[in-house]
Amino acid sequence: MGGLVISNPIYREVIPRVLVQGTQDSLPLIIPSWLTTTGELNIDALLTAFLKFWRQQVEPLLSRAC
């Protein structure tokens, strides 16, 4: 495809990780509200979070489509 290829398999793993490390470190920590304190899935909380997300995302999409 014409791009650069890292030939050494070890460096093929390490170099991309090092290149994105600064960006990755600046991302906020996500604490899922849909997990219980024991790490189990809370279906009601997951559905509520999804609906909140969907409503936030679909409104701008619909306003552009009309």
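1. How much area does the protein chain expose, and what share of it do carbon and sulfur atoms supply? The protein chain exposes about 6500 Å², of which carbon and sulfur atoms supply 65%; accessible areas here come from the Shrake-Rupley method with a 1.4 Å probe, and for residues only the protein chains shown count as cover.

2. On the basis of the note: this is a predicted model, in which local features need pLDDT of at least 70 and side-chain atom pairs count only at pLDDT 80 or more, whereas totals for chains, interfaces and linings use all residues. Residues are numbered from 1 along each chain as its sequence is written, and side-chain values use heavy atoms, with hydrogens and water left out.

3. On the overall fold, the protein chain has 2 helices and 0 strands, where helices (H or I, at least four residues) and strands (E, at least two) are DSSP runs numbered from the N terminus. The radius of gyration of the protein chain is 20 Å, well over the 11 Å that the globule rule gives for 66 residues, so the chain is more spread out than a compact globule; this radius is taken over C-alpha atoms, and the rule is 2.2 Å times the number of residues to the power 0.38. Along its principal axes the C-alpha trace spans about 45 × 45 × 20 Å. Of the 66 residues, 3% count as buried, buried meaning under 20% relative accessible area, exposed over 50% and partly exposed in between (1.4 Å probe, protein chains only).

4. On helix α1, the salt bridge deserves a look, since a search of the whole structure finds 1 (a side-chain nitrogen of Lys or Arg within 4 Å of a carboxyl oxygen of Asp or Glu). The partners are E13 and R17, whose closest N and O atoms are 3.1 Å apart. Because they are 4 residues apart in helix α1 (residues 9-26), E13 and R17 are separated by about one helical turn. E13 counts as partly exposed at 48% relative accessibility, while R17, with a relative accessible area of 54%, is exposed.

5. A nonpolar patch on the surface is formed by I10, Y11, V14, I15, V18, L19 and V20, which together have about 690 Å² of accessible area. Patches are made of residues with over 30% relative accessible area and no salt bridge, like charges being joined within 9 Å and nonpolar side chains (Val, Leu, Ile, Met, Phe, Trp, Tyr) within 5 Å. One of the patch residues, V18, lies in helix α1 and counts as exposed at 57% relative accessibility.

6. On helix α2, a search of the whole structure finds 1 aromatic pair. F50 and W54 form this pair, which is stacked, at 6.4 Å centre to centre and with 20 degrees between the planes; by the criterion used, rings of Phe, Tyr and Trp (its six-membered ring) pair if their centres lie within 6.5 Å, and planes under 30 degrees apart count as stacked, over 60 as edge-to-face and the rest as tilted. F50 and W54 are 4 residues apart in helix α2 (residues 43-65) and are therefore separated by about one helical turn. Both are partly exposed, F50 with a relative accessible area of 44% and W54 with 45%. W54 and S26 are 28 residues apart in sequence and 25 Å apart in space, C-alpha to C-alpha.

7. On the connection between the helices, L41 lies in the loop between α1 and α2 and counts as partly exposed at 48% relative accessibility. Leaving aside neighbours within four places in sequence, L41 is in contact (heavy atoms within 4.5 Å) with W34, L35 and L46. L46, found in helix α2, is partly exposed with a relative accessible area of 31%, and under the exclusion of residues up to four places away in sequence L46 touches W34 and L41. L46 and G3, by C-alpha positions, are 41 Å apart in space and 43 residues apart in sequence.
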